[in-house]
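User: I am new to this structure and would like to learn how to read it. Please take me through some of its features one at a time.

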Amino acid sequence: MSTPERRHGIAAGVLILAVGLSVRYPITSVSPLLGEIAATYGLSASGLAVLSAIPVLLFGLASPLAPLLVSRLGLTRSISVLLAALAAATLLRPLSPSLLFSGTVAIGAAIAILGILAPQVIRHALAARGGFWTGVYTTSFGVSAAAGAALAVPLLHVFDDRVAPALMSWGIPLLIAVGLALAFGPRVGAGPAARGAAKKIAHGSVFRTRGIWAVTGFFGCQALIYFSLTAWLPTIAVDRGMPAPQAGLLLAWMSVAGLPASLLAPTLAGRRSLRTKLIVGVGVLSMLGIAGLALGPLALAPLMVAVLGVAQSAAFGLAIALIVFTAPSAAQTAAFSATSQGIGYAAAALGPLLLGVLVQAGVEWSAAVLLLAVAAAGELAFGVIGSRASLGEDPAGRS
């Protein structure tokens, strides 16, 4: 590899890490503090359910904007602008109840589009090791999610149990990410190419692309399970008798337990012969973990959460890998990613909202959690079909 190519790859890798480490803690840092947020801002249970559902809903609604943004700004400049918007919204949303909701809308939109553009960076600049870099990207998601969940309550105590400054403090690492994107983004060299690609695919028919609906179904099912657990796992544990600090750590544990899987699953998926086997394994683990969390004793909750952490981290990594490997070309990756993630996240938004509404209506948490097993079955079925659709041309050139 020549020196310019190596620098190009390093810049792309830094950009991928800057995005991956920034797009989960703005969400997971909220879940352990839902009780305190309700008291501070005067929110009802329904209000908390809506607040929890907003990010995932925006993941679906904002996704179509990704190709349009790239067509105007280019790929890497779009990422810098979105990280800046994410930082600003994180700093401003704790200032009032209205900003809490509008800021969460902006956070969800920025994260949605960043998540769509990251696979395009991998396909454009890191395709030779697409599975590995997909794994690095999804592992950074897990680190971000774990940090948000584990540090939310300690940060609250650092700020004398004041919710607003505790939430605002998460804007500081986002400002660092903005600096990295501004420094390394221009070196990736994807601007003009990405703009041309976006204009080209805007007139294409991504809905008829091979594998698009199977990959979308797989992405939606795994996202529904993940965001339902992210929104309500601490509440479920507290309801069953676990102290609040430990319940917040349980959510962090789910992310930490899944870190090896988030790297290994998409890396192994670079070998086409392993994709279907990996997806079947992940689907089975998801169903087992959900059943154990719903029906098992509280003492087994850490084990069941670890199983779910492995399953969900692997499923997300495989979902991104399927996008990278199934999209017909680098030029079409943005449209393929926007469609599969946009529709998938729109469906996933129903998960946290449905669980919250059911429990408010008097349904036991065990029964509500068991409904996620249906999504796990769909994850398995869609994933198997999607993995078969990805067995055509491989951008990494592996068999």
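Analyst: Start with aromatic rings: two rings of Phe, Tyr or Trp count as a pair if their centres lie within 6.5 Å. This is a predicted model. In it, Tyr137, Phe141, Phe219, Tyr226, Phe227, Phe316 and Tyr345 form one aromatic cluster.

User: How many aromatic pairs does a search of the whole structure find?

Analyst: The search finds nine aromatic pairs. One of them joins Phe219 and Tyr345, with 4.9 Å between the ring centres and 90° between the planes. Planes over 60 degrees apart count as edge-to-face, and that is the label for Phe219 and Tyr345. Phe219 belongs to helix H12 (residues 212-239) and Tyr345 to helix H17 (residues 333-348), so the pair links distant parts of the chain, 126 residues apart.

User: Are Phe219 and Tyr345 buried or exposed?

Analyst: A residue is buried when its relative accessible area is under 20%. Phe219 and Tyr345 are both buried.

User: What kind of aromatic pair do Trp232 and Trp365 form?

Analyst: Planes that are neither under 30 degrees nor over 60 degrees apart count as tilted. Trp232 and Trp365 form a tilted pair, 5.6 Å centre to centre with 45° between the planes. Trp232 lies in helix H12 and Trp365 in helix H19 (residues 365-370), so this pair ties together parts 133 residues apart in sequence. Trp232 and Trp365 are both buried.

User: Which rings have the charged end of an arginine sitting over them?

Analyst: Phe316, from the aromatic cluster, has the charged end of Arg24 over its ring, 5.8 Å from the ring centre. The charged end of Arg187 sits over the ring of Phe184, 4.9 Å from the centre.

User: How do I read a helix, and what is the case for H16?

Analyst: Compare its reach with the span expected from its number of residues. Helix H16 (residues 301-326) has 26 residues and reaches 36 Å from its first C-alpha to its last, close to the 38 Å expected at 1.5 Å a residue. Then look at its cover: 22 of the 26 residues of H16 are buried, so the helix is largely enclosed by the rest of the structure.

User: What do Leu285 and Ser286 touch, leaving aside residues up to four places away in sequence?

Analyst: Leu285 is found in helix H15 (residues 275-295), and Ser286 is in helix H15 as well. Leu285 touches Val307, Val310 and Ala311. Ser286 is in contact with Leu308, Ala311, Gln312, Ala376 and Glu379. Leu285 and Leu308 are 23 residues apart in sequence and 7.1 Å apart in space, C-alpha to C-alpha.

User: How exposed are Leu285 and Ser286?

Analyst: Leu285 is partly exposed, with a relative accessible area of 31%. Ser286 has 0% relative accessibility, so it counts as buried.

User: How do I read the protein chain as a whole?

Analyst: Begin with the helices and strands: the protein chain has 20 helices and zero strands. Next, test the overall form: with 399 residues, a compact globule would have a radius of gyration near 21 Å, and the 20 Å of the protein chain agrees. The C-alpha trace spans about 55 × 40 × 35 Å along its principal axes. Of the 399 residues, 58% count as buried.

User: What share of the contacts joins residues at least 24 apart?

Analyst: Among contacts between residues at least 6 apart in sequence, 85% do so. As for the surface, the protein chain exposes about 14900 Å², and carbon and sulfur atoms supply 71% of it.

How values were computed
Residues are numbered from 1 along each chain as its sequence is written. This is a predicted model: local features need pLDDT of at least 70, side-chain atom pairs count only at pLDDT 80 or more; totals for chains, interfaces and linings use all residues. Side-chain values use heavy atoms; hydrogens and water are left out. Rings of Phe, Tyr and Trp (its six-membered ring) pair if their centres lie within 6.5 Å; planes under 30 degrees apart count as stacked, over 60 as edge-to-face and the rest as tilted. Helices (H or I, at least four residues) and strands (E, at least two) are DSSP runs, numbered from the N terminus. Buried means under 20% relative accessible area, exposed over 50%, partly exposed in between (1.4 Å probe, protein chains only). A charge sits over a ring if NZ of Lys or CZ of Arg is within 6 Å of the ring centre and within 35 degrees of the ring normal. Contact means heavy atoms within 4.5 Å. The expected span of a helix is 1.5 Å times one less than its number of residues. The radius of gyration is taken over C-alpha atoms; the globule rule is 2.2 Å times the number of residues to the power 0.38. Accessible areas come from the Shrake-Rupley method with a 1.4 Å probe; for residues, only the protein chains shown count as cover.
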